[in-house]
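Reader: Pick one spot in this model and give me a close look at it, please. After that, work outwards so that I can see what surrounds it in the fold.

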Amino acid sequence: YEQWKKKASSTVLVDGDEIRRIFKHDQNFDAYTVEGRRINGERISEICAWLDRQGINVVCCILSIFEDMRIRNRQNFSKYFEVYLSAPMEVLEKRDTKGLYASARRGEQKNVVGVDIPFPTPANPDMVIDTSCEDLDFPALAIKILAEAER
């Protein structure tokens with residue numbers, strides 16, 4: 001987003017967690033169920049489409065578990081570029097910045113993607129980046145993603 005914003009000032013970032021917070025969807029008991037995740041995903045898709053129709057470049061950051069929504073996005077946006085950030089579950093659990101995986105493994109939390117909600121690997125991403133190594137060069141990756149997305 002930061003790299004793109006430097007080149008095109010009409011670029012915005014839409015983050016799934018922020019949209020949940022804005023709509024107070026993170027406070028519902030069922031917000032993280034498959035159905036709750038679909039509602040949030042549909043909201044995000046509609047917000048992005050609305051911005052796209054106004055000529056605003058949208059960078060969207062979301063954990064997407066719905067292949068049908070990715071297909072629809074590819075059909076409905078003026079330009080759609082999907083980046084799949086890939087890492088094995090054991091790496092994600094090691095990182096666990098929010099403590100979600102540990103809590104789910106102890107049975108304290110339900111509806112965690114990768115634990116009790118399956119994560120289907122995206123079928124047709126435009127770019128796949130393996131994020132499993134410790135020493136990722138994020139600025140270089142951002143430049144690489146931007147170069148591919150602008151093609």
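**One spot up close**

Author: Let's start with D96, which counts as buried at 17% relative accessibility (buried is under 20% relative accessible area, exposed is over 50%, and partly exposed lies in between, with a 1.4 Å probe and protein chains only). D96 sits in the loop between α5 (89–95) and α6. Helices here are DSSP runs of H or I with at least four residues, strands are runs of E with at least two, and both are numbered from the N terminus.

A word on the ground rules: this is a predicted model, so local features need pLDDT of at least 70 and side-chain atom pairs count only at pLDDT 80 or more, while totals for chains, interfaces and linings use all residues. Residues are numbered from 1 along each chain as its sequence is written, and side-chain values use heavy atoms, leaving out hydrogens and water.

Back to the backbone. Most residues other than glycine have a negative phi. D96 has a positive one, near 30°, and is not a glycine. N111 also has a positive phi, about 65°, without being a glycine. N111 belongs to the loop between α6 and β4, and with a relative accessible area of 23% it is partly exposed.

That loop between α6 (100–105) and β4 also holds D126, which is partly exposed at 36% relative accessible area. Leaving aside neighbours within four places in sequence, D126 is in contact with R74, Y80, F81 and E82, where contact means heavy atoms within 4.5 Å. Y32 is another matter: 94 residues away along the chain, its C-alpha atom is 27 Å from that of D126.

Y80 leads us inside, since it is one of the eight residues of the largest nonpolar core, along with V14, I19, I44, C48, A49, L51 and F77. (Such a core is a set of buried Ala, Val, Leu, Ile, Met, Phe, Trp, Tyr and Cys residues joined through side-chain atoms within 4.5 Å.) Helix α3 (residues 34–53) gives the most to this core, with four residues. F77, again leaving aside neighbours within four places in sequence, is in contact with S45, C48, A49 and D52. There's a second, separate core of five residues, including I65, F66, V113 and I117.

Past β4 comes helix α7 (residues 138–149). Its 12 residues should span 16 Å at 1.5 Å a residue, and its end C-alpha atoms are 16 Å apart, which agrees (the expected span is 1.5 Å times one less than the number of residues). L141, L146 and A149 are buried in α7. Seen down the axis, the buried residues of α7 fall within an arc of 135°, so they line one face of the helix; the arc is that of the directions from the helix axis to the C-beta atoms. Their cover includes α1 (2–7) and β4 (127–130).

Zooming right out, the protein chain has seven helices and four strands, running α-β-α-α-β-α-β-α-α-β-α from the N terminus on. Its radius of gyration is 16 Å, close to the 15 Å that the globule rule gives for 151 residues, so it is as compact as a globular protein of that length. (That radius is taken over C-alpha atoms, and the rule is 2.2 Å times the number of residues to the power 0.38.) Of the 151 residues, 31% count as buried. Among contacts between residues at least 6 apart in sequence, 68% join residues at least 24 apart.
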